[in-house]
Amino acid sequence: MPRIGDLAPDFEAMTTTGKMKFSEYIKDSWTILFSHPADFTPVCTTEMSGFALDQSFFDEHKTKLVGLSIDSIHAHIAWVNNVKKNTGVLFEFPIIADIDMSVSKRYGMLQPGESETAAVRAVFFIDPAGKIRLIMYYPLNVGRNMEEIKRALIALQTADKYKVSLPLNWVPGEKAIVSPPKTVDEMIEREASDYEMVDFYLAKKELPKA
Ligand code: BEZ
């Protein structure tokens, strides 16, 4: 089961946009790999539609989306067609047909206590170096929160860009936490800074406006 900090396991798979070698597909880009339990199910339909409706957000944040379930390509295509006909929403991102469960097993998406045959609702955030940076798991009967998925992506990208950490409930526009000082000199320097300081080890600064 991959953990935060691991390189994303590579695989080849059939998807709704053609054959995919994952390591090549994700190269030099942020990627969100997410699984859903089954096509033609209600919660999954709301979630996949949510990702599709936010496609422009993910494009703006240079992030590729890749869906997955243990269903065939034919089922995926029929579902994509059904949702498009019913709601006008098109799932443009690739959806992996993990019919032999090989990718689900590799990524720990198959959690037998929850289901032996359907992937849980997993979300893997993978950075441009191919490293897993954040993982979310939801059970079969609770849908994810798209606002949190977008917030977490922006937080990861912001932390990397400005070499900062983000506090509880941080949202874009708020101050970020600067790393604690490593020397006494740095601690004294910090006291003269314009950081918002609870103490020298908990200091926040404004980030440039996006
Ligand atoms: C759903 O997406 O609604 C769903 C899928 C599998 C099990 C339970 C619910």
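This section describes the overall architecture, the ligand site, the salt bridges and selected loop residues of a predicted model.

The protein has 210 residues, of which 45% are buried. Its secondary structure consists of 7 helices and 10 strands. The C-alpha trace extends over about 65 × 35 × 30 Å along its principal axes. The domain assignment divides the protein into domain 1, covering residues 12-144, and domain 2, covering residues 163-210. Taken over C-alpha atoms, the centres of domain 1 and domain 2 are 36 Å apart.

The ligand is surrounded by Pro-37, Thr-41, Pro-42, Val-43, Cys-44, Arg-121 and Leu-140. By class, this shell is made up of 5 nonpolar residues, 1 polar residue and 1 charged residue. Helix α2, residues 42-53, supplies the largest share of the shell, with 3 residues. Polar atoms of the protein approach oxygen atoms of the ligand from both side chains and backbone. A polar backbone atom of Val-43 lies 2.8 Å from an oxygen atom of the ligand. For Thr-41, a polar side-chain atom is 3.0 Å from a ligand oxygen. For Arg-121, the corresponding distance from a polar side-chain atom to an oxygen atom of the ligand is 3.1 Å. On its own the ligand has 260 Å² of accessible area, and the protein covers 74% of this area.

Arg-121 also takes part in charge pairing within the protein. Its side chain forms a salt bridge with that of Glu-47, with an N to O distance of 2.6 Å. The two residues belong to distant parts of the chain: Arg-121 is in strand β6, residues 121-126, whereas Glu-47 is in helix α2, and 74 residues separate them. Arg-121 counts as buried because its relative accessibility is 3%, under the 20% cut-off. Glu-47, at 7% relative accessibility, likewise counts as buried. The pairing extends to Arg-144, which is linked with Glu-47 and Arg-121 in a network of salt bridges. Arg-121 thus appears both in the shell around the ligand and in this network.

In total, the structure holds 11 salt bridges. Side chains of opposite charge can pair when their charged atoms come close. One of the bridges joins Asp-10 and Lys-21, whose closest N and O atoms are 2.7 Å apart. This pair also links distant parts of the chain, with Asp-10 in the segment before β1 (12-15) and Lys-21 in strand β2 (residues 18-21), 11 residues apart. Asp-10 is partly exposed, with a relative accessible area of 26%, and Lys-21 is partly exposed at 31%. A further salt bridge is formed by Lys-209 and Glu-206, where the closest N and O atoms are 3.9 Å apart. Lys-209 is exposed, with a relative accessible area of 68%, while Glu-206 is partly exposed at 48%.

Two residues other than glycine were examined for their backbone geometry. Phe-40 is not a glycine, yet has a positive phi of about 55 degrees. Phe-40 is located in the loop between β3 (30-35) and α2, and is partly exposed, with a relative accessible area of 45%. Lys-163 is likewise a residue other than glycine with a positive phi, near 55 degrees. The position of Lys-163 is in the loop between α6 (146-162) and β8 (176-178). Lys-163 counts as exposed because its relative accessible area is 66%, over the 50% cut-off. In the domain assignment, domain 2 begins at residue 163.

The loop between β8 and α7 (184-191) contains Ser-179. Ser-179 is partly exposed, at 38% relative accessibility. Its C-alpha atom is separated by 8.0 Å from that of Ala-203, a residue 24 positions away along the chain.

Technical notes:
Residues are numbered from 1 along each chain as its sequence is written. This is a predicted model: local features need pLDDT of at least 70, side-chain atom pairs count only at pLDDT 80 or more; totals for chains, interfaces and linings use all residues. Side-chain values use heavy atoms; hydrogens and water are left out. A residue is near a molecule or strand if one of its heavy atoms lies within 4 Å of it. A polar contact is a pair of N or O atoms within 3.5 Å; within protein, one must be able to donate a hydrogen and the other to accept it, and residues adjacent in sequence count only if both atoms are side-chain atoms. Accessible areas come from the Shrake-Rupley method with a 1.4 Å probe; for residues, only the protein chains shown count as cover. Helices (H or I, at least four residues) and strands (E, at least two) are DSSP runs, numbered from the N terminus. Ala, Val, Leu, Ile, Met, Phe, Trp, Tyr, Cys and Pro count as nonpolar, Asp, Glu, Lys and Arg as charged, and the others, Gly among them, as polar. Buried means under 20% relative accessible area, exposed over 50%, partly exposed in between (1.4 Å probe, protein chains only). A salt bridge is a side-chain nitrogen of Lys or Arg within 4 Å of a carboxyl oxygen of Asp or Glu. Domain bounds come from an automatic or database domain assignment.
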